[in-house]
Amino acid sequence: MYPQLEIPNTLAAGPGPGNTDPRVLESFARAGVADHMQADVTRGMMESKLMLREVFGTRNIHTFAVGGTGFSGLDCAFAPILPGDPVVVFVNGTFSGIDDLAIRMKASTPADLAADPMNPKPDNVITINVPHGQSVTGEIVEAALAEHKPMWAFMAHWETGSGRINDLQGFNDACANHDAMGIVDAVSSLGISDFNIDDYPAVTTWASCPQKGILALPLTYAPVSFNDRVIDLLKKRGCYTYVHNPILEARHWGIIDGKDVDTPAYHRTHSGYAVASFHEALRLLLQHGRAQKAADYAFFETGLRQAIEAMGCEVTSNMTSLVVCNLPGALAGREKELVGACRAEGFGIWPTLSEPVQVRVGILNQLTDAALTDIVGRLADAMLKMGAEFSRENIMAGLADYLASR
Ligand SMILES: *Cc1c(COP(=O)(O)O)cnc(C)c1O
């Protein structure tokens, strides 16, 4: 028999997952053994549903969470896309690239799939590639939707692969101008940026993940929200999935026939542990307050960015939970070596997952002076060990001054 698996504590200082709050872990471990129709489990799901509407800033009745990871929520978000539907997809990094693949699979006919089963390229999906390190702008979206007049348009709000914020207002406005139904991957922005999805009415569908801004345990629940326009379409046309059918899946969250009901209906076996921990993560987020949390991320990201620039790196990102950078000239090409050395010591930073190779350092759930100081100190040590030339003392003093300025 293998020995019992031990997994150490590391400092998650990358794009996600973030370090789980002890309160979330405790609620997971404290949950009793109860089935998925037990009254407190279903009450927890219905309270989570109501908290999610606040987190999303929405009155969409079809707001709930999908068991699994971010891509599970996205799979549910893409479920209403049927073979042959015209779609325009904007890609500016790893994750919107995977979303593009997932959408092409949904929009493929059997012949499209057979032609290239793992990477189908249906003519009805137009992919607009925006170079890594740049944002998708409203002008890019407007021009593409004006030309192609699609039924659906897709964009990532914050592209975590390159650390870029895309133009949500511009995306919404272009969708409205050209009567496209917008789908947004809000995996990296929900719970970090302070926005209300109801301010973007042409975006019909939103999907996020458990372990980034929401800071629930990974593999628990991915938040999603659908407005009535897409739900009405789904009622008319259906879709090719039971488990990720938004109307059917919502039943277990007490959303039936477009209304909140007191008695949910079985859809699949949810977990009391997952529900308890997810519920606690949402409580934590709302107790901190969306606006305060967004301001805290912006403050600490600026401190991290300034320190990384003072170490000689070039920062190319503009997200507030993550800094993506190029190493100073003398260390260029050694990004994976740096990341590997840090990770071997339990300091979990990341490289980019698609070209070009850059370093990604994040601050999910690290919103304290001590945590940021620890991250900057560890990064400085690792870079100095590789031969970078800067004064550690100056970097740390600069950071301390910045933190004291608050
Ligand atoms: C992390 C991420 C995903 C994938 O989420 P998983 O939980 O790994 O499935 C998708 N889109 C974006 C923008 C992400 O940052």
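## Two domains, a ligand site and unusual backbone geometry

Pro 17 is placed in the loop between β1 (11–12) and α1 (22–30); helices (H or I, at least four residues) and strands (E, at least two) are DSSP runs, numbered from the N terminus. The peptide bond from Gly 16 to Pro 17 is cis, with omega near 5 degrees.

The model is predicted, so local features need pLDDT of at least 70 and side-chain atom pairs count only at pLDDT 80 or more, while totals for chains, interfaces and linings use all residues. Residues are numbered from 1 along each chain as its sequence is written, and side-chain values use heavy atoms, leaving out hydrogens and water.

A second cis peptide bond runs from Glu 355 to Pro 356, with omega near -10 degrees. Pro 356 is found in the loop between β16 (350–351) and β17 (359–362). Leu 215, a residue other than glycine, has a positive phi near 60 degrees, and its place is in the loop between β9 (203–207) and β10 (221–226). Most residues other than glycine have a negative phi, and most peptide bonds are trans.

**Domains and their interface**

The protein chain is assigned domain 1 (22–286) and domain 2 (290–404), with bounds that come from an automatic or database domain assignment. Taken over C-alpha atoms, the domain centres are 30 Å apart. Contact (heavy atoms within 4.5 Å) joins 29 residues of domain 1 to 22 residues of domain 2. About 1900 Å² is buried between domain 1 and domain 2, and carbon and sulfur atoms give 55% of this area. Buried area here is the accessible area (1.4 Å probe) that two parts lose on being put together, summed over both.

Between the domains there are 12 residue pairs in polar contact, both residues at pLDDT 80 or more. A polar contact is a pair of N or O atoms within 3.5 Å; within protein, one must be able to donate a hydrogen and the other to accept it, and residues adjacent in sequence count only if both atoms are side-chain atoms. On the side of domain 1 that touches domain 2, two or more residues each come from α2 (39–56), α4 (94–106), β6 (158–159) and β7 (164–165). Helix α2 gives the most, with 3 residues.

**Salt bridges**

A salt bridge is a side-chain nitrogen of Lys or Arg within 4 Å of a carboxyl oxygen of Asp or Glu. The rule yields 21 salt bridges, and finds 1 across the interface of domain 1 and domain 2. Arg 290 pairs with Asp 194, their closest N and O atoms being 2.8 Å apart. Glu 301 and Arg 305 form another salt bridge (2.9 Å, N to O). Both residues lie in helix α11 (residues 290–310), 4 residues apart, about one turn of the helix.

**Ligand surroundings**

The residues around the ligand (a heavy atom within 4 Å of it) include Thr 69, Gly 70, Leu 74, Phe 95, Trp 158, Val 187, Ser 188, Gln 211 and Lys 212. Three further residues have polar atoms listed below with their distances to ligand atoms.

| Residue | Protein atom | Ligand atom | Distance |
|---|---|---|---|
| Phe 71 | backbone N or O | oxygen | 2.9 Å |
| Thr 160 | polar side-chain atom | oxygen | 2.3 Å |
| Asp 185 | side-chain N or O | nitrogen | 2.7 Å |
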